[in-house]
Each structure stands twice: as C-alpha cells, then as structure tokens.
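Please examine the structure shown below with attention to its charged side chains and to its backbone. The paragraphs that follow lead from one to the other.

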Protein chains: 2
Amino acid sequence: MSETKKRGRPRAFDEAATIEKAREVFWDRGFEGTSLDALSAATSLNRPSLYGAFGDKEDLYLGTLAGYRDDSLVAMEEALDPSLPLRENIAEIYRRALSTYLSGETSARGCFLIGTATAEAIQHSRVRDMLRQSLEAFDAEIEARLMLAVERGELPKEADPKALSLLASSVMHSLAVRARAGAPRDMLEDLARAGVDMVCGRAPQK
Amino acid sequence: MSETKKRGRPRAFDEAATIEKAREVFWDRGFEGTSLDALSAATSLNRPSLYGAFGDKEDLYLGTLAGYRDDSLVAMEEALDPSLPLRENIAEIYRRALSTYLSGETSARGCFLIGTATAEAIQHSRVRDMLRQSLEAFDAEIEARLMLAVERGELPKEADPKALSLLASSVMHSLAVRARAGAPRDMLEDLARAGVDMVCGRAPQK
DNA sequence: TCATTTTTGTACCGTTCCGCATTAAAATCT
DNA sequence: AGATTTTAATGCGGAACGGTACAAAAATGA
C-alpha cells in the first residue's frame with residue numbers, strides 16, 4: 001500500500017459515502033430512471049467530479065450494486081452464525097431482509113439488486129452478470145450452512161442442501177418483489193414464517 | 001354494444017396487436033428504458049396515433065401489463081386443470097412459466113411484470129398497484145387449487161393452503177428473477193422440481 | 001356534393017439527457 | 001516561489017426525450 005501523500009488537490013468527498021448516497025437514489029428510481037443531475041444533487045458532487053471518480057453512469061451503478069452485494073453477504077454471514085440453531089439462522093435472514101425491504105421514504109423499496117438490476121439485465125450484460133453472480137453467492141452461503149446442518153444432524157441425512165438452498169433463496173426473492181409491490185407486512189411475515197418451516201421442518205423447537 | 005359504424009376515418013391498425021407489440025419492447029427495455037420512438041417503430045404507429053389511442057406512455061405501459069396479467073391468469077387456469085393430479089398441475093405451472101421466461105432474442109427475459117414493473121413500483125403508484133394486485137391474483141388461483149387438494153385428500157388435512165400457495169408462488173417469482181439474471185436452464189429446472197416436491201411432498205407417484 | 005368526424009403524418013416545442021471542454025482552485029515537489 | 005499534478009466548478013453542445021399543433025387524408029351523414 002502506498003502510504004505516500006498524493007500529489008494534486010485532495011478530494012473533498014468520501015468515496016464510499018458517495019457511493020452509498022448514489023445507491024439510495026438508484027434504489028428508488030432505478031438505473032434508467034435516475035439522472036446524473038439527481039445523482040449530482042444527492043451526492044453534492046458535480047457531474048464532472050462524479051464522472052472523474054466513478055466513470056459513466058453505468059460504472060457508478062455497478063459500483064453501487066457491488067457495494068450492496070458485499071454488504072448483504074456480510075449481513076448474511078452474521079445471520080448464519082453456526083453457533084445458533086439453523087431455524088434461528090434462517091429466521092434471522094428473513095428478518096434482516098424484511099427490515100431492509102420494508103424501509104423507504106415513500107414506499108417499501110424491496111431489494112436493491114432484484115428491484116432495480118433485474119429490469120436492466122436484458123440490455124446491460126454487465127448488470128446481468130452482476131445480478132446472476134450475486135444471487136449465486138447468496139445461494140452458496142445458505143447452501144454451506146445447510147450442508148453443515150446435515151452433518152450436525154440439524155437436518156435429516158436425506159435432506160438435499162442444494163435444492164433446499166434454492167428454495168430458501170426463493171422465499172427471499174419473493175419477499176423482495178412483494179415488498180416493493182406494496183404487500184402488507186403481515187403477509188410478508190407469514191411468508192417468512194412459512195419459509196422457515198419449509199427449510200427446518202414444521203415442528204417448533206420452542 | 002353499438003354495432004353502428006363509426007363516423008370518421010377508420011383505424012389502420014389492430015388495437016390488441018399493437019399492445020402486444022408494445023409489450024415486447026417494454027419487456028426487453030423496461031418502462032423508463034423504452035422511448036416513444038422505439039414504440040412507434042415497433043408498432044408502426046406514429047407517436048400521435050399511439051397517444052390518441054392509448055394515452056401517454058404510462059397508460060400504454062399499464063395496458064401492456066394488464067394484458068400480460070390476463071394472459072398469465074388464463075394460462076394458470078389451464079395449468080391448474082383440476083381433473084389432473086395436483087403434482088402435474090404445479091409442474092405444469094412451472095413448465096409454462098419457464099417456457100416464457102427463457103424466451104427472448106438476446107437473453108432470457110423472465111417475467112414481464114416482475115422483470116419490469118418492480119423497478120417502477122416506487123415512483124409510479126399505479127404500476128405498484130397493478131403489480132401487487134396481479135401477484136395476489138396468482139396467489140389466489142394457486143390457493144384455490146390447494147384448498148381443493150386438501151378437500152380431496154391430495155394433500156394432508158394439516159396442510160396450510162394459504163402458506164403453501166405463497167411458497168409455490170415464491171418459486172415462480174424466483175424463476176422469473178433468475179431467468180432474467182441469466183441463470184442456466186438446468187438450475188431453473190432443478191428449482192422447479194424442488195418446488196413441486198415442496199408443495200406436493202417428495203414421494204413420486206410415478 | 002359538401003360538411004363533419006376521426007385518424008394519419010409531418011414537423012416542432014421546450015426540456016432533459018449524458019458527457020466533456022475549459023478554467024479556477026488546492027495540494028505537493030523542486 | 002514557481003512548476004506540476006489532481007480535483008472542483010461552470011457551462012456548453014449535440015442528441016434524445018415526451019408530448020402536441022396542425023394540416024392532409026379517409027371515412028360517414030345529409
């Protein structure tokens with residue numbers, strides 16, 4: 001790491017904070033629906049500074065998607081704490097997801113990736129790849145925990161962690177879409193509960 | 001119904017066919033990503049004709065969404081033919097869904113509603129309502145079939161049709177998102193199979 | 001035949017879009 | 001201090017945007 005001070009005028013903004021602010025705008029308005037002027041206003045950077053620091057609009061958008069994916073993966077790792085029972089792990093994943101999906105100024109905004117990147121996936125292959133790769137990463141984390149659960153006997157030996165992880169992710173995808181569609185919280189919580197039972201079996205271990 | 005001939009110059013286009021062509025464009029490019037010029041080119045109508053017949057861009061988009069919802073509900077009713085076993089019904093739903101989701105000129109385009117309307121749901125409340133209402137209609141059709149299945153003994157008495165229908169729909173939502181994200185067909189078929197087992201139980205009735 | 005009604009086609013409106021050229025400002029290096 | 005390097009700010013420019021005014025065209029009604 002070069003710890004030497006850089007030559008020119010120093011930046012007057014924090015790169016990570018700027019990406020987070022840009023993410024908020026993209027989240028609400030989508031990629032095509034967001035103008036550079038809106039990004040400029042939200043980040044307090046002029047368009048040329050945005051351009052210089054992050055590239056064009058698609059580059060910046062991909063940066064916000066990558067940040068969201070990384071944050072989500074960290075949150076998922078925390079939720080899947082293997083020192084806790086599987087049932088609590090899965091419930092915690094849905095709890096965290098819903099907490100994010102139901103936030104929003106005007107209306108529940110769902111998942112940033114599913115809610116905005118899906119629309120661009122046909123026309124922008126880099127967005128499509130980012131989306132696919134992110135979904136696969138989420139699947140993989142859940143699958144790993146389910147494999148551990150089978151080893152430990154939290155799930156029966158016949159359980160299929162691969163198939164089960166796809167189903168568990170599916171519930172999350174559906175929560176993401178339905179939240180953004182304006183589904184009531186009760187219904188989403190019912191779905192999350194059903195998802196937990198589906199993965200861990202119906203018997204409560206209260 | 002007034003069968004009297006209308007006064008002025010007759011239309012040189014078919015309204016339903018035009019909506020279908022517009023749907024194709026919106027499906028690939030999303031609402032914000034589609035220009036009136038693109039719609040005009042695809043439908044062979046000039047912008048003023050489009051505007052006169054369907055209203056503004058959002059009105060036209062809502063019309064294409066409504067058409068897709070109606071088509072999908074009909075397809076779902078067909079798939080849920082109660083004279084066939086539940087397992088075949090659910091498998092058929094996913095089969096039809098995948099057949100649609102995997103079609104597309106450049107890349108698999110997923111579900112029109114989930115793939116494009118979700119992105120607009122925050123900014124355009126009419127789109128959000130259309131999306132929510134459509135998803136609820138799909139849920140309701142599945143739930144009705146599952147209730148019948150419980151009555152008939154295709155599912156155990158303790159089965160919860162409401163919760164199960166939400167889960168069954170979730171698999172469909174996930175197929176929609178993943179297809180558009182570029183997931184390989186094998187994986188989608190695995191998920192669909194897992195979804196059928198989840199709803200109907202693992203025992204194959206071969 | 002001529003007025004009326006509706007659709008079609010051309011052309012244009014003001015706005016917004018993304019991206020960049022250019023200059024001023026703020027830091028380090030010599 | 002002066003040269004150099006990097007960022008910040010202003011402003012522009014060509015293109016595309018959604019939407020519409022207006023006139024020509026094609027039907028019906030009288």
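In this predicted model, a search of the whole structure over all chains finds 38 salt bridges. Side chains of opposite charge can pair when their charged atoms come close. Three of these pairs are considered in turn below.

One salt bridge joins Arg96(A) to Glu78(A), with 2.9 Å between the closest N and O atoms. Arg96(A) belongs to helix H5 of chain A (residues 86–101), whereas Glu78(A) belongs to helix H4 of that chain (residues 57–79); the pair therefore ties together parts that lie 18 residues apart in sequence. Arg96(A) is partly exposed, at 31% relative accessibility, and Glu78(A) is likewise partly exposed, with a relative accessible area of 45%. This pair does not stand in isolation: Glu78(A) and Arg96(A) are linked with Glu92(A) and Arg95(A) in a network of salt bridges.

Helix H5 of chain A also takes part in a link to a distant part of the chain. Here Asp197(A) and Arg87(A) meet through their side chains in a salt bridge, at 3.3 Å from N to O. Asp197(A) lies in helix H9 (residues 185–200) and Arg87(A) in helix H5 of chain A, with their positions 110 residues apart in the chain. Is each partner buried or partly exposed? Asp197(A) has a relative accessibility of 24% and counts as partly exposed. Arg87(A), at 15%, counts as buried, because the limit for that class is under 20%.

In chain B, a salt bridge is formed by the side chains of Glu143(B) and Lys162(B), at 3.5 Å from N to O. Glu143(B) is part of helix H7 (residues 125–152) and Lys162(B) is part of helix H8 (residues 161–180) of chain B, so this contact ties together parts 19 residues apart in sequence. Glu143(B) is buried, with a relative accessible area of 17%, while Lys162(B) is partly exposed at 48%.

The backbone offers a further point of interest. Which value does phi take at Ser44(A)? The angle is near 60°, a positive value in a residue other than glycine. Ser44(A) is situated in the loop between helix H2 (36–43) and helix H3 (47–54) of chain A, and is exposed, with a relative accessible area of 63%. In chain B, phi of Ser44(B) is also positive and near 60°. Ser44(B) occupies the loop between helix H2 (36–43) and helix H3 (47–54) of chain B, and counts as exposed at 61% relative accessibility.

Methods
Residues are numbered from 1 along each chain as its sequence is written. Chains are lettered from A and ligands numbered from 1 in the order in which they are written. This is a predicted model: local features need pLDDT of at least 70, side-chain atom pairs count only at pLDDT 80 or more; totals for chains, interfaces and linings use all residues. Side-chain values use heavy atoms; hydrogens and water are left out. A salt bridge is a side-chain nitrogen of Lys or Arg within 4 Å of a carboxyl oxygen of Asp or Glu. Helices (H or I, at least four residues) and strands (E, at least two) are DSSP runs, numbered from the N terminus. Buried means under 20% relative accessible area, exposed over 50%, partly exposed in between (1.4 Å probe, protein chains only).
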